[in-house]
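Here are a few exercises to work through with the model open in your viewer. Try each task before reading its solution.

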Amino acid sequence: MRISIRSSKGGVGKSTIAISLSKFLAEQGNDVLLVDRDVIGYSSYLAGITSPGLVKAVFEGQDAHSIKEIKVGKGSITVLKYFGDGPEYVPNLAKIHANRELISYYSKVYRELITSKPFSFFVIDNPPLIRDSDEIYLFEHNEFNYVYPRVKHSYIFVSDGIDENIKSNLEYMSQLNVKVDQRLAFIINMVRPDELQKYQNIVTNIINNLNVRIGGVIPFVENIFQFSGELKDFPLPKQMRELYVKLVGITLEM
Ligand SMILES: Nc1ncnc2c1ncn2[C@@H]1O[C@H](COP(=O)(O)OP(=O)(O)O)[C@@H](O)[C@H]1O
Ligand SMILES: [Mg+2]
């Protein structure tokens, strides 16, 4: 199963959900590939990857050491740093895509990295507001499908509790080329603990009206905020665990 984490907004917890979900899946005994497409490479940083991301390495003609495996319980998280070197990924990517030699090197390296183990889950952390027609989306998606034509795709949408952001995420979800049955979850994150019920009602409406399979409300949790320890120690509060238990159950039916 491939789970792509999406939002129309930055700073709402996409990387936090990607990391905590990967950790949960690994604890359950899965080998997880976490493709870190965050601009500043939050999960790569927590994994201790100091080399440039894949795009920068390819662009500069270096060998890509943009990957690290971390054992968690009976499973593992392999983090692949894809961007992570700041906003220069945009011009670098455009130049790679315009150069046939670079693109075939890029594609060879990416294919090798995503097949470095027999992974059972692929979690894709993304920059905000990526669309199906974007160059930064197409290449990775097409290469992935080429290598894994039978792996199912699903999407998790993440918002914070600000009304405008929920609205913009709903619009974003409806504009994407995502089939209704691929809408795995809509998560409202960083909610004040005394407002959990209010947001639970909002999320229940969303999933019922828009055929999302599951809804989640995650409170603001002090020890998650700006967490900078090791990836394997990433906090998993009970609301996340409960949500991820249900989520895994649903991926088995998909
Ligand atoms: N549930 C939460 N409780 C506390 N802090 C959170 C929570 N979710 C995210 N954060 C914090 O909010 C900031 C943005 O989160 P991040 O996952 O990097 O968002 P995004 O990937 O969408 O830009 C980070 O400092 C992170 O630690
Ligand atoms: Mg992020």
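Start with the record: an unreviewed UniProt entry annotates residues 3–225 as "domain: CobQ/CobB/MinD/ParA nucleotide binding". Keep in mind that this is a predicted model. Over residues 3–225, the chain is 41% helix and 23% strand, with the end C-alpha atoms 23 Å apart.

**Exercise 1. Work out which residues surround ligand 1 and which elements supply them.**

Step one: collect the shell. You should get 19 residues, and the closest are G13, K14, S15, T16 and F225.

Step two: sort them by element. Both α1 (14–27) and β7 (183–191) supply at least two residues each. The largest share is that of α1, with 3 residues.

Step three: sort them by character. The shell splits into 9 nonpolar, 8 polar and 2 charged residues.

**Exercise 2. Find the partners of strand β4 and decide whether the strand is enclosed or open.**

Step one: look at one partner. Strand β2 (residues 31–36) pairs with β4 in the parallel sense, over 6 bridges. For a landmark, take L33, which sits opposite T78 in β4.

Step two: look at another. Strand β3 (residues 67–72) runs antiparallel to β4, again with 6 bridges, and here I67 faces L80. β3 and β4 make a hairpin with 2 residues between them, and G73 in that turn has a positive phi of about 50°.

Step three: check the two faces. G75, I77, V79 and K81 point one way, S76, T78 and L80 the other, and all of them are buried.

Step four: conclude. Since 7 of the 7 residues of β4 (residues 75–81) are buried, the strand is largely enclosed by the rest of the structure.

**Exercise 3. Take M190 and Q226, each with a positive phi, and say where each sits and whether it is buried or exposed.**

Step one: recall the background. Most residues other than glycine have a negative phi.

Step two: place M190. Its phi is near 65°, and it isn't a glycine. M190 belongs to strand β7. With 20 other C-beta atoms within 10 Å, M190 is buried, because the cut-off for that is 20 or more.

Step three: place Q226. This non-glycine residue has a positive phi of about 55°. You'll find Q226 in the loop between β8 (214–219) and α9 (238–253). Q226 has 5 other C-beta atoms within 10 Å, so it counts as exposed, the limit being 12 or fewer.

Step four: put them side by side. M190 is buried, whereas Q226 is exposed.

Conventions. Residues numbered from 1 in each chain as written. Chains lettered and ligands numbered in written order. Predicted model: local features only at pLDDT ≥ 70, side-chain atom pairs only at ≥ 80, totals over all residues. Near = placed C-beta within 6 Å. Helix = DSSP H or I, 4+ residues; strand = E, 2+ residues; numbered from the N terminus. Nonpolar A, V, L, I, M, F, W, Y, C, P; charged D, E, K, R; others polar. Pairing = 2+ DSSP bridges. UniProt positions renumbered as here; feature names shortened; annotations may be inferred.
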